[in-house]
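Here is a short briefing for a first look. Keep the sequence and the model in view while reading.

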Amino acid sequence: GRRSAGCTVGGGGDSTGPARSMHPRLPEALRESLPYAAAAAVFLLVGGGIFVAVEPGWSYADATYFAFTVTTTIGYGCLVPSTRA
């Protein structure tokens, strides 16, 4: 078959410009805050790993929950470390 001048190979037949991405670009504020959110998540997960290694009888979920409540200064008091600081 013959293609018209505006048709591109693999294009959807839309001659208005390049094909748009299926995933729109993230808003700038979200793009800028993603590294901080990732760092905070890593910090909490590592903190949970440290507490689970130090505190006998704590699960990883308990230790991560404790790290979150301490880091955000919520401090419910549900979990209290038994070892001395």
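Helices here are DSSP runs of H or I with at least four residues, numbered from the N terminus. The model is predicted. Its protein chain has two helices and zero strands. Of the 85 residues, 12% count as buried.

**The chain overall**
- The accessible surface of the protein chain comes to about 7100 Å². Carbon and sulfur atoms hold 63% of that surface.
- Take the contacts between residues at least 6 apart in sequence: 20% of them join residues at least 24 apart.

**Helix 1: length and bend**
- Helix 1 covers residues 28-54.
- How far apart are the end C-alpha atoms of helix 1? They are 40 Å apart. At 1.5 Å a residue, the 27 residues should span 39 Å, so the two values agree.
- Helix 1 also bends, by about 35 degrees at Leu34. A proline, Pro35, follows within four residues.

**Helix 1: buried and exposed residues**
- Which residues of helix 1 are buried? They are Leu44, Gly47 and Gly48. These buried residues pack against helix 2.
- Ile50 also sits in helix 1. Its relative accessible area is 51%, and the cut-off for exposed is over 50%, so Ile50 counts as exposed.
- Ile50 belongs to a nonpolar surface patch with Val42, Val46 and Val54. The patch measures about 350 Å².
- An α-helix has 3.6 residues a turn, so residues three or four places apart point the same way.

**The loop between the helices**
- Glu55 lies in the loop between helix 1 and helix 2, and helix 2 covers residues 60-71.
- Is Glu55 buried or exposed? Its relative accessible area is 3%; buried means under 20%, so Glu55 is buried.
- What does Glu55 touch, leaving aside its neighbours within four places in sequence? Its contacts are Pro81, Ser82 and Thr83.

**After helix 2**
- Gly77 lies in the segment after helix 2.
- Gly77 has 54% relative accessibility, which is over the 50% cut-off, so this glycine counts as exposed.
- Gly77 and Phe66 are 11 residues apart along the chain. Their C-alpha atoms are separated by 8.9 Å.

**To take away**
- Helix 1 has buried residues that pack against helix 2, and Ile50 of helix 1 is exposed.
- Glu55, in the loop, is buried, whereas Gly77 is exposed.

Conventions
Residues numbered from 1 in each chain as written. Predicted model: local features only at pLDDT ≥ 70, side-chain atom pairs only at ≥ 80, totals over all residues. Heavy atoms only, no water. Patch = residues over 30% accessible without salt bridge, like charges linked within 9 Å, V, L, I, M, F, W, Y side chains within 5 Å. Areas by Shrake-Rupley, 256 points an atom, 1.4 Å probe, with all protein chains shown as cover. Salt bridge = Lys/Arg side-chain N within 4 Å of Asp/Glu carboxyl O. Buried < 20%, exposed > 50% of the residue type's maximum accessible area, 1.4 Å probe, protein only. Contact = heavy atoms within 4.5 Å. Expected span 1.5 Å × (residues − 1). Bend = angle between axes of the 7 residues up to and from the residue.
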